[in-house]
Amino acid sequence: MRFPTIGFGARGPVLGALALMAFTSLPAFAQEAAEEAAEAATAAAGVSGETAFVFNTLLFLMGGFLVMWMAAGFAMLEAGMVRSKNVSMQLLKNISLYSIAGLMYWAVGYSLMYVDVNSFMGTLWPYSWPDAGTANEGDYAVASDWFFQMVFVATAASIVSGTLAERIKLWPFLIFVVVLTGFIYPIAGSWQWGGGWLSEMGFSDFAGSTLVHSVGGWAALAGAILLGAREGKYGLKGEVQPIPGSNMALATLGTFILWLGWFGFNGASQLALGSNADASDVSRIFANTNLAAAGGVVAALILSQIVYKKVDITFVLNGALAGLVSITAEPLAPSPFMAIVIGAIGGVIVVFTVPLLDKFKVDDVVGAIPVHLIAGIWGTLAVPLTNADTSFGVQIIGILAYGVFTFVASLVVWMILKAVMGLRVSPEEEQSGLDVGEVGVEAYPEFIASRVR
């Protein structure tokens, strides 16, 4: 029997070269195998602390700029829901309130909400973060947390803006925003997210159905009651006179922008992205958030057809938002089916609550009270349906506490502003439009008829 030999015959040199290459490659193969084993071990154990820090910070920043983009959504929604003679006023209010909220949350708000909370509030002092080039301690960058928390507070103020549209003066509204974003919202927020008394009781509100949306809704309700309805909204016998908005395209665009921003609102409230479990939970939150919004749309779509024989697009748009608000208190625990149900009930709330407000002559221009206040209450009550660590009793205590505190505090501030400088524009300014009377720049100057509409 003949055995092949290396180095002899026609193929000898080739085989010899291959053998030499294989021999010299053994260390490289061994090194690659070791690296692959190390990577597998790291994946099994989770990422390093430095890598987790980066991913957590990235989640805060991405969630923050998505929620910031919701400011554009509120601006477009309100611009479409008001009459053309008041569009510039709504746009001005929205960019102003976002800026005021950011300044006040730096000056006093964040510290009141998170720094050395003594069950009821934190400290009254401007907040700061480490110097440039300094390695931050903890699980995420300090400034990223501040930024993410800051964009939430502007949402609460935007809710008030839409409800009180078309008849409130600019400067009293902005002064109220100073108080709401600098004091009322942060103090209330400290009770739960700052580790205060409600957190100790076991109250649960994952991303703010009550802390953000109902707080804004209660503040809006107090203002609407004191301010009164728009001229011509209700007849002498209590009949409702519809006042349609100027641009449903803008309102729809605003709704889609808010829907997009909500993925940051809910998803980044997981507060961590440094592990397989966290990444999976953020993904689950995204999916449930989207399903709840879709459930709200379809429920409002079908129900408005059944009840009113025609589909009202404003109900459908607000159905999406109500579904989003409803799932915000607990977007992680529900199954896909339960997420749809929770969102759908939010859509039902819109269809029935909007006319109910009209019966009490509460004029809510954009439907913010049904969407943010009532659906926010529903979402908070629904938490124990899917989260076994919570109870209906504690959830109700939290809802009542936030409602009483926010409504009373807001009503007092509104009453002071009314006594000192007045809240409402004159009948002549309301008739001609706030773009002319309060802003001086009309959104649609070519439509001269808008001044007397």
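About 380 Å³ of space lies in the second largest pocket of this predicted model. Its lining comprises 17 residues, and those nearest the centre of the pocket are Trp193, Asp205, Phe206, Ser269 and Leu271. Two elements, H3 and H4, each give two or more residues to this lining, with H4 supplying the largest share, four residues. By residue class, the lining of the second largest pocket consists of ten nonpolar, four polar and three charged residues.

Leu271, one of the residues nearest the centre of that pocket, is also notable for its backbone. Although Leu271 is not a glycine, its phi is positive, at about 70°. Most residues other than glycine have a negative phi. Leu271 is placed in the loop between helix H8 (248–267) and helix H9 (276–308). Because its relative accessibility is 38%, Leu271 counts as partly exposed, the class that lies between the limits of 20% for buried and 50% for exposed.

A positive phi is likewise found at Ser119, another residue that is not a glycine, with a value of about 80°. Ser119 belongs to the loop between H3 and helix H4 (142–163). The relative accessibility of Ser119 is 22%, and this residue therefore counts as partly exposed. The two helices that flank the loop of Ser119 are the elements that give two or more residues to the lining of the second largest pocket.

The largest pocket has a volume of about 630 Å³. Of its 25 lining residues, Lys233, Asp312, Thr314, Phe315 and Val354 are the closest to the centre. Helix H10 (313–328) and helix H11 (336–359) are the elements that give two or more residues to this lining. The largest share, four residues, comes from H11. The lining of the largest pocket divides into 14 nonpolar, four polar and seven charged residues.

The interior of the chain was examined next. The largest nonpolar core contains 108 residues, among which Val160, Tyr185 and Trp414 touch the most other members. Helix H3 (residues 87–114) contributes the largest share of this core, 13 residues. A second, separate core consists of seven residues, including Ala292, Ala339, Trp378 and Ala382.

The surroundings of Val160 illustrate how distant parts of the sequence meet in the largest core. When neighbours within four places in sequence are left aside, Val160 is in contact with Phe173, Phe176, Leu180, Gly216, Ala219, Ala220 and Trp414. Trp414, one of these contacts, is itself among the three residues that touch the most other members of the core.

For the chain as a whole, the secondary structure comes to 16 helices and zero strands. The chain has 453 residues, of which 51% count as buried. Among contacts in the chain with a separation of 6 or more, 77% are accounted for by residues 24 or more positions apart. The exposed area of the chain is about 20100 Å², and carbon and sulfur atoms supply 70% of it.

How values were computed. Residues are numbered from 1 along each chain as its sequence is written. This is a predicted model: local features need pLDDT of at least 70, side-chain atom pairs count only at pLDDT 80 or more; totals for chains, interfaces and linings use all residues. Side-chain values use heavy atoms; hydrogens and water are left out. A nonpolar core is a set of buried Ala, Val, Leu, Ile, Met, Phe, Trp, Tyr and Cys residues joined through side-chain atoms within 4.5 Å. Buried means under 20% relative accessible area, exposed over 50%, partly exposed in between (1.4 Å probe, protein chains only). Contact means heavy atoms within 4.5 Å. On a 1 Å grid over the protein atoms alone, a cavity is a set of points where a 1.4 Å probe fits but cannot get out, and a pocket is an open set with protein on both sides within 12 Å along at least five of seven lines; lining residues have an atom within 4 Å of a point. Grid points are joined across faces, edges and corners, and a volume is the space filled by probe spheres set on the points. Ala, Val, Leu, Ile, Met, Phe, Trp, Tyr, Cys and Pro count as nonpolar, Asp, Glu, Lys and Arg as charged, and the others, Gly among them, as polar. Accessible areas come from the Shrake-Rupley method with a 1.4 Å probe; for residues, only the protein chains shown count as cover.
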